[in-house]
Amino acid sequence: MIKSWVAAGVVSLFTSILRGVAGHRSPLADARDSDMDMESIVILHAAWHVVTGFCFAAAVVYIYVGLRPQHFASNQLAGLLSAIFLLSALVVIVVNSVYGWSLLLALPAVLLACISILGFVGVKKFGGGNAA
């Protein structure tokens, strides 16, 4: 078992649940109540749920490969997901720095970076032959 992959899966699952529940109460509700045009609201809403779905799917994969690391391409799958989460965290950081920092907007970068770091720790452990 690769504990850091299981932990990355748990954080990713928490992130997907947080996005799914809190997203309707804050960012998406604020957008719907604003004077944004309907096309922008629809695109924002769809993108929000695509990312939420990705976080949930990634959680399933991380937990699966964490519990069964001997399966084909476990290390490659975890490495790919970790790279995607790292790039996503960097995008959030760049966008926040361009449009102004806020604590609420920094939280996603922290969660994405944590998932990425946990994933890469597991990749290093698995690649080093220490699958504990």
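Trainee: What volume does the largest pocket have?
Mentor: This is a predicted model: local features need pLDDT of at least 70, side-chain atom pairs count only at pLDDT 80 or more, and totals for chains, interfaces and linings use all residues. A pocket is an open set of points on a 1 Å grid over the protein atoms alone, where a 1.4 Å probe fits and protein lies on both sides within 12 Å along at least five of seven lines. Points are joined across faces, edges and corners, and the volume is the space filled by probe spheres set on them. For the largest pocket that comes to about 930 Å³.

Trainee: Which residues lining the largest pocket are the closest to its centre?
Mentor: Residues are numbered from 1 along each chain as its sequence is written, and side-chain values use heavy atoms, with hydrogens and water left out. The lining (residues with an atom within 4 Å of a point) holds 27 residues. The closest to the centre are Arg19, Trp48, Val92, Leu105 and Pro108.

Trainee: Which helices each supply at least two residues of that lining?
Mentor: Helices here are DSSP runs of H or I, at least four residues, and strands are runs of E, at least two, numbered from the N terminus. The protein has five helices and zero strands. Its elements run α-α-α-α-α from the N terminus on. At least two lining residues each come from H1 (3-25), H2 (27-33), H3, H4 and H5 (103-127).

Trainee: By class, how many residues of the lining are nonpolar?
Mentor: Ala, Val, Leu, Ile, Met, Phe, Trp, Tyr, Cys and Pro count as nonpolar, Asp, Glu, Lys and Arg as charged, and the others, Gly among them, as polar. Six of the lining residues are polar and two are charged. The nonpolar count is 19.

Trainee: How far is Arg19 from the ring centre of Trp48?
Mentor: Both are among the residues closest to the pocket centre. Arg19 lies over the face of Trp48 (NZ of Lys or CZ of Arg within 6 Å of the ring centre and within 35 degrees of the ring normal). The distance to the ring centre is 3.9 Å.

Trainee: How many aromatic pairs does the count come to?
Mentor: Rings of Phe, Tyr and Trp (its six-membered ring) pair if their centres lie within 6.5 Å; planes under 30 degrees apart are stacked, over 60 edge-to-face, the rest tilted. Phe54 and Phe85 form a tilted pair, at 5.4 Å centre to centre and 40° between the planes. One aromatic cluster is made of Phe54, Tyr62 and Phe85. The count of pairs is three.

Trainee: Why does the pair of Phe54 and Phe85 tie together parts of the sequence, and how many residues apart are they?
Mentor: Phe54 lies in helix H3 (residues 38-67). Phe85 lies in helix H4 (residues 74-99), so the pair links two helices. The parts it ties together are apart in sequence by 31 residues.

Trainee: Is Phe85 buried or exposed?
Mentor: Buried means under 20% relative accessible area, exposed over 50%, partly exposed in between (1.4 Å probe, protein chains only). Its partner Phe54 has 31% and is partly exposed. Phe85 is at 1%, so it counts as buried.

Trainee: How many disulfides does a search of the whole structure find?
Mentor: A disulfide needs two cysteine sulfur atoms within 2.5 Å. The sulfur of Cys114 is 13 Å from the closest cysteine sulfur, in Cys55, and that is too far for a bond. Cys55 is buried at 2%, while Cys114 is partly exposed at 35%. The number of disulfides found is zero.

Trainee: What separates the C-alpha atoms of Gly79 and Gly119?
Mentor: Gly79 sits in helix H4. Gly79 is buried, with a relative accessible area of 16%. Gly79 and Gly119 are 40 residues apart along the chain, and their C-alpha atoms are separated by 6.7 Å.

Trainee: How far apart in space are Gly9 and Ile41, C-alpha to C-alpha?
Mentor: Gly9 belongs to helix H1. At 0% relative accessibility, Gly9 is buried. Gly9 and Ile41 are 32 residues apart in sequence, and in space the distance is 30 Å.

Trainee: Where is Gly100 found?
Mentor: Gly100 is partly exposed, at 32%. Its C-alpha atom is 21 Å from that of Ala47, 53 residues away along the chain. Gly100 is in the loop between H4 and H5.
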